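Below are some notes for a colleague who has not met this structure before. They are best read with the sequence and the model side by side.

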Amino acid sequence: MFDYHVHSLFSADSKMKMEDACQAAISAGVKEIAFTEHIDYFYPNCDLIFDFDYAEYGKAVDEVRLQFQDKLTVLKAVEIGIHPFKHVENQAFANENFFDFIIGSVHLADDKDLHNGDYFEGKSLNEAVETYFLTINQYVKEFHDFNVLGHLTLIKRYLHFVKSHWTDVRWANYYDIIEDTFKALIDSGRGIEVNMSGFRYRIDCALPDLPFLKLYKETGGEIITVGTDAHSKHFVGKHLDLGYELLQSAGFKYVTTFRERKPRFVQLK
Ligand SMILES: [Zn+2]
Ligand SMILES: [Zn+2]
């Protein structure tokens, strides 16, 4: 198994030591771990600063690589928070530093935070979901410097802010926007991830889950990674097996891994 979305203490919202993450990964049967630390240059109304020192990060990765060299492959990676005000900075950060793998994520829509609920103020359920998907669609077309789009249906984690649950939403209403987003990704050699954090947030679904994965496959999608989005050692490697099952159910024969931002395809068993 490959955990392609893990945050160590180099992310502002994690305290996990890389060493602990690596140990947890090995115990969970993970063969490759990607430390996808947060860069989010535009993040209003939040006390955390989502930036990290690449030199220190690189040194720390090199250390755990040496320590666990026979048991685990450790990749240098990043989760870039995409925002139109910061395309230039994000592009520079992605290209001036070495990464094996880059996730591009949208954590804000309407310039407001999903996580603290600001985004949902004054919006109906439909407005919230539609604007969210349109925002991702726009950002993915404007900013290209990443390998996979992070947690496409992240909004499912926060629908309690509009007193709803993801099962209340008719997701098929947004398939046109999502299919167009998939096309933009596929046509430029990018893909998506299956993010298992939904299980941690007790919404019991992968982000995105099976119907979206089928749509991605039907649209011609091939590049797809699976990651836990773990911020603590208890979640490293968790539910990855479910993620691979979803891939198979959607018709994928392979899961994608990366080296130097180039995809490789590993057959699913
Ligand atoms: Zn994220
Ligand atoms: Zn993350």
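1. His239, and a word on the model. The model is a predicted one. A relative accessible area of 27% makes His239 partly exposed, since the partly exposed class runs between the 20% limit for buried and the 50% limit for exposed. His239 sits in the loop between S9 and H8. Although His239 is not a glycine, its phi is positive, at about 65°.

2. Asp204. Another non-glycine residue with a positive phi is Asp204, here about 50°. The loop between H6 and H7 holds Asp204. Its relative accessibility is 54%, so Asp204 counts as exposed, the cut-off being over 50%.

3. The cis peptide bond. Leu207 is joined to Pro208 by a cis peptide bond, with omega near 0°. Pro208 belongs to the loop between helix H6 (197-200) and helix H7 (210-218).

4. The zinc ion (ligand 2). Which protein atoms serve as donors to this ion? They are NE2 of His5, NE2 of His7, an OE atom of Glu79 and an OD atom of Asp229, at 2.0 to 2.3 Å from the zinc ion (ligand 2). Along the sequence these donor residues follow the spacing H-x1-H-x71-E-x149-D. The angles among the 4 donor atoms run from 82 to 169°, and the site is irregular. A tetrahedral label would need all angles between 85 and 135 degrees, so this range does not qualify. Water is not among the atoms, so sites may look incomplete.

5. The zinc ion (ligand 1). Glu79 (OE), His107 (NE2) and His151 (NE2) coordinate the zinc ion (ligand 1), at 2.1 to 2.2 Å. The spacing of its donor residues in sequence reads E-x27-H-x43-H. Glu79 in strand S3 and His107 in the loop between strand S4 (101-105) and strand S5 (108-109) are 28 residues apart, and the pair links distant parts of the chain. His107 is buried, at a relative accessible area of 10%.

6. The shared residue. How far apart are the zinc ion (ligand 1) and the zinc ion (ligand 2), and which residue coordinates both? The two ions are 3.5 Å apart, and Glu79 coordinates both. Because Glu79 lies in strand S3 (residues 73-81) and Asp229 in the loop between strand S9 (224-227) and helix H8 (240-249), this pair ties together parts 150 residues apart in sequence. Are these two residues buried or exposed? Glu79 is buried, with a relative accessible area of 1%, and Asp229 also counts as buried, at 4%.

7. Helix H4. Does the length of H4 agree or disagree with its number of residues? Helix H4 (residues 125-142) has 18 residues, which at 1.5 Å a residue should span 26 Å; the C-alpha atoms at its ends are 26 Å apart, so the two agree. The expected span rests on one less than the number of residues.

8. The buried side of the account for H4. Residues of H4 that are buried include Ala128, Val129, Tyr132, Phe133 and Thr135. Ile136, Asn137, Tyr139 and Val140 are also among the buried residues of H4. What covers them? The cover includes S5, strand S7 (148-149) and helix H5 (175-187).

Definitions and conventions:
Residues are numbered from 1 along each chain as its sequence is written. Chains are lettered from A and ligands numbered from 1 in the order in which they are written. This is a predicted model: local features need pLDDT of at least 70, side-chain atom pairs count only at pLDDT 80 or more; totals for chains, interfaces and linings use all residues. Side-chain values use heavy atoms; hydrogens and water are left out. Donors are N, O and S atoms within 2.8 Å of the metal (3.2 Å for Na, K and Ca); water is not among the atoms, so sites may look incomplete. Four donors count as tetrahedral if all angles lie between 85 and 135 degrees; four count as square planar and six as octahedral if opposite donors are over 155 degrees apart and all others between 65 and 115; anything else is irregular. Helices (H or I, at least four residues) and strands (E, at least two) are DSSP runs, numbered from the N terminus. Buried means under 20% relative accessible area, exposed over 50%, partly exposed in between (1.4 Å probe, protein chains only). Contact means heavy atoms within 4.5 Å.
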